[in-house]
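Thanks, everyone, for making the time this morning. I would like to walk you through one structure, beginning with how its chains meet and then turning to what lies inside.

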Amino acid sequence: MIKTAFINNIPFNFSEGEMILSFVRKYFEKDYIPTLCDAQNLEPFGSCRVCTVEVALQKNGNTKTVASCHTPVIEGSYIYTHSEKVNKIRKNIVELVLTDHPLDCLTCEVNNNCELQTVAAKVGIRDVRYPEGKNHFDRKKDLSHPFMTSDLAKCINCFRCIRACDEVQGEMVLSMAGRGFDSQIIKSNNNNFFESDCVSCGACAQACPTSAISDVFESKSVIYDKKVRTVCTYCGVGCNLDVAVSNGNVKSIQAPYDAEVNNGHTCIKGRFAFTFYNHPDRLKTPLIRKNGELTPATWDEAYDFIAEKINEIKSKYGPDYISGISSARCTNEENYFMQKLFRAVIGTNNIDSCARVCHSPTATGMQRTFGTGAATNSIDEINNTDLILVTGANPTNAHPVTGAKLKQFAMKKPMIVIDPRKTELARYAKYHLQLKPGTNVAVLNMMLYYIVEEGLEDIEFIKNRTEGYDEFKNHILNQNINELEKISGVNKELVKQAAIAYAKAEKAMSFHGLGVTEHLQGTYSVMLLSDLAMITGNIGKKGVGVNPLRGQNNVQGAADMGCQPHQGAGYLDFTKPEIHNLYEEFYGVKLSQKIGYKIPEMFEAMVEGKLKAMILMGEDVVQTDPNSNFVIEALSKLELLVVNEIFMTETAKMAHVILPASSFLEKSGTFTNGERRIQRVNAVVDPIEGTKPDGQIVIDIINKLGYKQADYNPETALEEISKIVPFFAGVKWNELGINGKQWPVMPDGSDTKILHKETFKRGKGKFQTATWHESPEITENKKDFPYILTTNRELEHYNSGTMTRRTNISQIVPDDVLLINPVDAKKHFIAEGDMVCVMSVRGKIDVKAHITDEVEPGILSSTFHFPLVKMNVLTSEISDTEALCPEYKVVSVNIRKSKGVYQNV
Amino acid sequence: MHNMETREKIQFKPETVAEINRIISQFPQGKQKSALLRILHIAQHEFGNWLSVEVMDYIAEFLNIKPIEVYEVASFYSMYNLNPVGKVVLEVCHTGPCCLVGAEKMIKHIEQTLNIKPGETTSDGMFTLKTVECLGACGYGPMLQIGEDYHEKLTIEKLDNLLNVIKNKNN
């Protein structure tokens with residue numbers, strides 16, 4: 001029903017429950033009513049009273065002054081936004097604020113972009129009438145932190161920073177201590193930023209209307225020539241960033257409020273970890289290995305060297321002796337050309353990407369159950385669900401913006417976390433199933449068992465939308481629950497409660513990460529998660545589904561573009577004759593139909609002499625792939641190793657040719673985030689001198705090898721892609737808009753938020769069964785290596801840390817650490833900060849101990865952000881049986897206190 | 001990440017734990033934070049009449065809330081001492097009505113007699129002087145509070161007498 005109220009005597013429609021401020025803003029400009037404590041991504045608060053209006057219940061009736069931000073509109077009421085009384089109140093309030101605010105605007109960091117300044121101007125302050133009294137001008141600036149700054153002399157107690165910390169990030173680091181004149185913002189226990197629990201997301205700095213809280217890059221200052229909107233290069237959330245450029249250099253980054261993905265929020269990496277881009281370590285000239293030394297060369301020399309070598313190896317051994325690994329950090333267009341180089345120009349399907357080592361089991365598993373491997377729903381549907389299941393994921397560290405949303409959810413509604421570590425989400429979750437690493441299949445089978453046993457299946461959904469249920473049910477009911485309880489170490493009553501909660505929730509949404517996939521039984525775990533969704537009818541509508549939290553910014557895109565050895569661009573199966581013909585016709589050349597090597601198979605083939613050349617686009621396999629010593633041995637057998645890189649990585653050090661590439665800030669294209677959203681990446685600055693975008697490098701090599709391809713241009717590239725990748729059919733560079741489009745994008749340009757709405761991609765959803773097996777890593781090694789090491793991520797660093805280590809983040813997290821339970825630490829006489837020698841059957845390393853109850857006794861966890869520590873010397877080459885994703889999450893190790901520092905063997 | 005080594009020192013007595021659990025049980029499940037004010041009083045009583053950061057962290061852990069949620073509350077109320085205090089805390093009202101009838105004179109007299117400023121403690125650890133807002137005894141000012149006792153309609157003589165009595169009692 002439409003209701004009406006009057007703004008300055010003119011009638012307007014409002015919706016039930018709407019606040020006066022948002023009602024007025026709907027029809028007038030945003031700053032029509034001035035505000036101080038209101039912020040667009042925060043709840044109304046009503047603290048500053050600057051938004052005061054007069055309200056009468058009838059025309060010319062008695063009025064009452066109310067704060068418009070948190071007062072609901074009354075039907076038929078008369079709202080006066082600029083009456084004499086209101087103007088006077090506003091002016092008085094701002095005048096009082098100014099009695100305790102330094103009037104040093106001309107030298108202030110936010111001069112000309114200060115909300116207090118704007119509001120003061122707007123209400124017309126000409127003088128502060130009150131005599132100088134006590135004030136807080138002598139508060140010291142806090143410059144302790146590498147990114148966050150505060151100057152609380154400028155604070156106007158509007159609570160926006162505190163609310164941003166609570167409502168957006170959910171960190172609760174900031175608060176107001178004391179009262180009255182003594183009120184002041186505190187950071188944890190009144191520490192400075194550096195010593196507080198601050199996670200440096202920067203939400204408070206962006207929320208602060210003055211310069212009371214800001215950042216070292218002065219992101220609120222007006223010192224910039226232009227702002228360019230682009231997409232973050234770190235995780236798969238795909239935050240939009242507003243990058244300020246001054247004098248051709250990146251100055252600072254803010255998060256745009258109109259971004260559907262991140263709504264004005266981002267994390268430490270997105271906001272602050274950009275200074276790597278012009279770090280002195282950047283590679284700026286091609287290098288060719290001559291007499292064992294990498295020596296500078298021209299681009300032409302490098303390309304000629306590569307072309308000659310490739311042609312030589314091709315004619316000597318054949319095209320299948322050449323392989324490539326594409327990069328999930330690069331754009332869709334670049335990935336497309338990379339696979340085109342291998343398939344259409346070199347003539348082999350030996351092309352893979354790092355999706356292999358993260359979510360390939362998701363793709364395989366969900367293709368078998370649903371028909372496609374992508375996330376079924378969208379992240380913002382967190383707001384439309386009743387229960388969330390998070391399995392093997394630590395999003396508050398690895399996907400911070402989605403993590404923050406999940407944390408907000410967990411504070412209000414039930415969440416189930418399945419994770420061997422007591423992650424931040426686990427601490428908030430109603431149910432934490434703290435299983436032993438490597439037992440996901442056991443726990444998920446238990447959950448399915450209880451749902452069937454309790455008769456909580458969605459019979460209707462199962463009947464209409466799925467197949468294979470009878471066989472599945474039979475299998476599930478034959479599980480030995482007591483044994484699974486023993487295997488997983490999770491109390492079966494707790495599993496039962498969680499299973500019932502999941503099944504009974506009106507809508508339940510599932511998220512999972514690498515804790516599901518990077519296992520011997522990764523694909524099987526994913527299929528069981530799909531089963532859970534299908535058996536409860538949680539698929540094909542808003543607020544449900546199975547949603548992999550994709551690791552890298554464009555890992556979805558790398559696979560979409562065909563950087564995998566068994567499917568071409570668009571996941572089409574080239575072993576089928578009609579598809580093969582389609583590709584041959586499209587590329588205009590003869591193509592191979594032989595399925596290529598997956599990444600782990602590539603290393604084995606190198607050792608066996610079956611692979612002689614490799615082109616790596618921005619991937620540091622030595623540091624990030626498991627069993628580093630084996631990877632090094634394999635790469636050293638190659639006759640040609642080409643690496644496109646921005647820095648001299650551990651892998652690049654082994655290359656025969658290094659080609660200096662441009663970073664994400666220096667090129668254009670598209671990234672596809674974890675919810676299938678194709679977003680525009682816009683070049684912010686010119687490529688650093690001496691570098692080229694990976695796409696141009698690949699196209700140069702393509703041309704050198706005799707295939708005609710026009711220069712790298714995202715617009716024309718997308719045009720080509722849209723003709724071969726079915727779900728990109730309607731994607732056009734100029735029509736992507738600021739928020740991108742979620743594939744499948746129809747020829748008419750309309751996109752898709754939710755998959756499998758009417759039918760599954762494969763027709764009917766297929767129930768799949770799985771039986772738990774212990775990893776041979778444990779069965780073979782547990783006697784000598786009784787501890788289980790699992791790998792995780794820190795919020796502050798990204799993967800191999802190549803970029804984040806070259807920013808001031810290193811001051812915050814300077815090292816990998818080994819998480820160890822106090823019980824185990826005591827047993828081995830290990831104290832906080834001691835060096836610990838960790839040994840697996842493959843090697844040993846030294847790493848610093850951090851004693852914590854985040855891990856259970858018998859379980860250890862660590863990261864591989866730092867090359868010095870060489871964590872992946874320990875990890876095993878055992879992989880998921882179906883998708884060959886390496887088992888980073890289960891490593892049998894032993895520990896002892898070590899005296900040495902970084903004496904790696 | 002919680003460092004496990006810093007714990008163990010601070011712990012409520014078992015009977016206090018029982019009492020606190022009883023208080024918590026009076027609130028709906030998940031709203032245990034509502035018990036915070038009363039628990040802070042109990043903690044202050046049990047741990048030397050003041051709330052150290054360690055004590056507040058312990059309470060936060062006990063209630064499963066963030067430490068800062070304890071700090072913000074404890075720092076808001078003048079009844080909680082965030083620094084060590086003397087055996088006897090003189091809380092002198094310095095709100096308008098009391099000031100009109102001489103509260104400032106009383107405060108000055110205590111400052112001179114005991115040689116401390118508001119917020120300070122005598123070197124023998126006996127007295128702490130605090131100035132506080134209205135204690136709701138406006139008709140009987142100037143006044144001060146010691147523990148749960150009010151001392152009203154103060155004069156210099158009454159004040160001297162009061163301080164002496166306390167000193168003698170505690171010697």
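Let me start at the interface of chain B and chain A, where, in what I should stress is a predicted model, the rule finds three residue pairs in polar contact, counting pairs with both residues at pLDDT 80 or more. On the side of chain B that touches chain A, the largest share comes from helix 4, residues 67-76 of chain B, which supplies six residues. Sorted by class, that side of chain B has six nonpolar, four polar and four charged residues, and yet the number of salt bridges found across the interface of chain B and chain A is zero. The contact as a whole draws 14 residues from chain B and 23 residues from chain A, and the two chains bury about 1600 Å² between them, with 58% of that area on carbon and sulfur atoms.

Now to the inside. Which residues touch the most other members of the largest nonpolar core? That core has 122 residues, and the ones in question are L174(A), I213(A), L341(A), Y583(A), L659(A) and F728(A). Helix 8 of chain A, residues 332-346, gives the most to this core, with eight residues.

To take one of those residues more closely, Y583(A), once its neighbours within four places in sequence are left aside, is in contact with G568(A), A569(A), L572(A), F574(A), G588(A), L591(A) and I724(A). There is also a second, separate core, made up of 53 residues, among them A505(A), I535(A), F760(A) and F767(A).

Notes: Residues numbered from 1 in each chain as written. Chains lettered and ligands numbered in written order. Predicted model: local features only at pLDDT ≥ 70, side-chain atom pairs only at ≥ 80, totals over all residues. Heavy atoms only, no water. Contact = heavy atoms within 4.5 Å. Buried area = accessible area lost by both parts, 1.4 Å probe. Salt bridge = Lys/Arg side-chain N within 4 Å of Asp/Glu carboxyl O. Polar contact = N/O pair within 3.5 Å; in protein donor to acceptor, adjacent residues only side chain to side chain. Helix = DSSP H or I, 4+ residues; strand = E, 2+ residues; numbered from the N terminus. Nonpolar A, V, L, I, M, F, W, Y, C, P; charged D, E, K, R; others polar. Core = buried A, V, L, I, M, F, W, Y, C linked by side-chain atoms within 4.5 Å. Buried < 20%, exposed > 50% of the residue type's maximum accessible area, 1.4 Å probe, protein only.
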